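Colleague: Please take a close look at a single part of this model, and then place that part in its wider setting. Which residues line the largest cavity?

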Amino acid sequence: ARELDSHFTPRPHLQYLSDRITQAVIDVENGKSRFLAVSMPPRMGKTHLSTFHTPLWLLRKHSDWNIGLISYDGSLVTSWGRAIRRAVEAGGLGLEIAKDAGAVTEWETTRGGSVLSRTWRGQLTGRGVKVLIVDDPVKDTADASSKTSREAVWDWWKSVAQTRFEPPVLVIVVMTRWHEDDLTGRLLS
């Protein structure tokens, strides 16, 4: 983050998160799957670090890894994929996008890795992920308070997300906790 953004301030909570992600990646490199739950209030920098800087860093280290970015909002998750792609296209990162790479919501590196940006309601069938970053699977407290919404996200997790893993896998679930029975709550229990 500091390399790409001279204004990035490594606040203590973001340094802590960065250190945990770094250790999780080392574990995955050594054959151990890792699952991280990141719970912070809104506007703390968790999304920018997790959905922009982390995928870029991972692609630089492992340009053959498949990365899935998931959220409740299609335009939001598309903007993450677009921002990562623009950073790669700008050059200087040692990465190249395949000439037939596809759209901002689904593109590949020249070394076989990819970035797939989807809502959790979107299509993942037929695609595997080495890294899955789920950021804000619910919109707000009203959505999180809906048992129907919570069940739908949980059903997606069990029937879609988990079936896409390419072990060893890194999964990062990032969200503001609006309800004790949300995705993070169920994963932790």
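Modeller: The largest cavity is lined by Pro137, Val138, Ser149, Arg150, Val153, Asp182 and Leu183. Please keep in mind throughout that this is a predicted model. The structure holds 1 cavity of 30 Å³ or more, and the volume of the largest cavity is about 30 Å³. Helix α5, which covers residues 147–159, makes the greatest contribution to the lining of this cavity, with 3 residues. Sorted by class, the cavity lining comprises 4 nonpolar, 1 polar and 2 charged residues.

One backbone feature deserves attention next. Aspartate 136 is found in the loop between β5 and α4, the latter being residues 141–145. Its phi is near 55°, which is positive although the residue is something other than glycine. Most residues other than glycine have a negative phi. Aspartate 136 has a relative accessible area of 19%, and it is therefore classed as buried, the limit being under 20%.

Arginine 43 offers a second case. This residue also is not a glycine, and its phi is positive at about 70°. Arginine 43 sits in the loop between β1 and α2. The relative accessible area of arginine 43 is 81%, so this residue counts as exposed, a class that begins over 50%.

We may now turn to the sheet. It is an open sheet of 6 strands, arranged in the order β1-β6-β5-β2-β4-β3, and its pairing is mixed. The edges are taken by β1 (34–39) and β3 (106–108); each has a single partner strand, so one side of each lacks a neighbour in the sheet. On average, neighbouring strands in this sheet are turned by 15° against each other, with direction ignored.

It is helpful to walk through some of the pairs. β1 and β6 are parallel and are paired over 6 bridges; within this pairing, leucine 36 stands opposite isoleucine 172 of β6. β5 and β6 also run parallel, and 6 bridges join them. Here leucine 132 stands opposite valine 171 of β6. By contrast, β3 runs antiparallel to β4 (residues 114–119), to which it is joined by 3 bridges. Tryptophan 107 has valine 115, in β4, as its bridge partner.

Helices pack on this sheet. Helix α3 (residues 74–89) touches β2 (66–71), β3, β4 and β5, and its direction makes an angle of about 145° with that of β2. Helix α1 (residues 12–29) lies across β1, β5 (129–135) and β6 (165–175), and it runs at about 165° to β1.

Strand β6 has two further points of interest. Of its 11 residues, 9 are buried, so the strand is largely enclosed by the rest of the structure. Proline 168 has its place in β6, and a cis peptide bond with an omega of about -10° joins it to proline 167. Most peptide bonds are trans.

The cavity should finally be set beside the pockets, which are open. The largest pocket has a volume of about 450 Å³. Its lining consists of 23 residues, and those nearest its centre are Arg43, Gly45, Lys46, Thr47 and His48. The exposed arginine 43 thus reappears, as one of the residues nearest the centre of this pocket. Two or more lining residues come from each of α2 (46–61) and α3, and α2 supplies the largest share, 5 residues. By class, this lining divides into 11 nonpolar, 7 polar and 5 charged residues.

The second largest pocket has a volume of about 390 Å³. It is lined by 18 residues, with Ala1, Ser18, Leu49, His53 and Trp57 lying nearest its centre. The elements that give two or more residues to this lining are α1 and α2, and α2 gives the most, with 6 residues. The lining of the second largest pocket holds 10 nonpolar, 5 polar and 3 charged residues.

In summary, α5 gives the most to the lining of the cavity, while α2 gives the largest share to the lining of the largest pocket and the most to that of the second largest.

Definitions and conventions:
Residues are numbered from 1 along each chain as its sequence is written. This is a predicted model: local features need pLDDT of at least 70, side-chain atom pairs count only at pLDDT 80 or more; totals for chains, interfaces and linings use all residues. Side-chain values use heavy atoms; hydrogens and water are left out. Two strands pair if DSSP finds at least two bridges between them. Helices (H or I, at least four residues) and strands (E, at least two) are DSSP runs, numbered from the N terminus. Axes are lines fitted to C-alpha atoms, for helices over the stretch in contact, and angles run from 0 to 180 degrees between N-to-C directions. Contact means heavy atoms within 4.5 Å. On a 1 Å grid over the protein atoms alone, a cavity is a set of points where a 1.4 Å probe fits but cannot get out, and a pocket is an open set with protein on both sides within 12 Å along at least five of seven lines; lining residues have an atom within 4 Å of a point. Grid points are joined across faces, edges and corners, and a volume is the space filled by probe spheres set on the points. Ala, Val, Leu, Ile, Met, Phe, Trp, Tyr, Cys and Pro count as nonpolar, Asp, Glu, Lys and Arg as charged, and the others, Gly among them, as polar. Buried means under 20% relative accessible area, exposed over 50%, partly exposed in between (1.4 Å probe, protein chains only).
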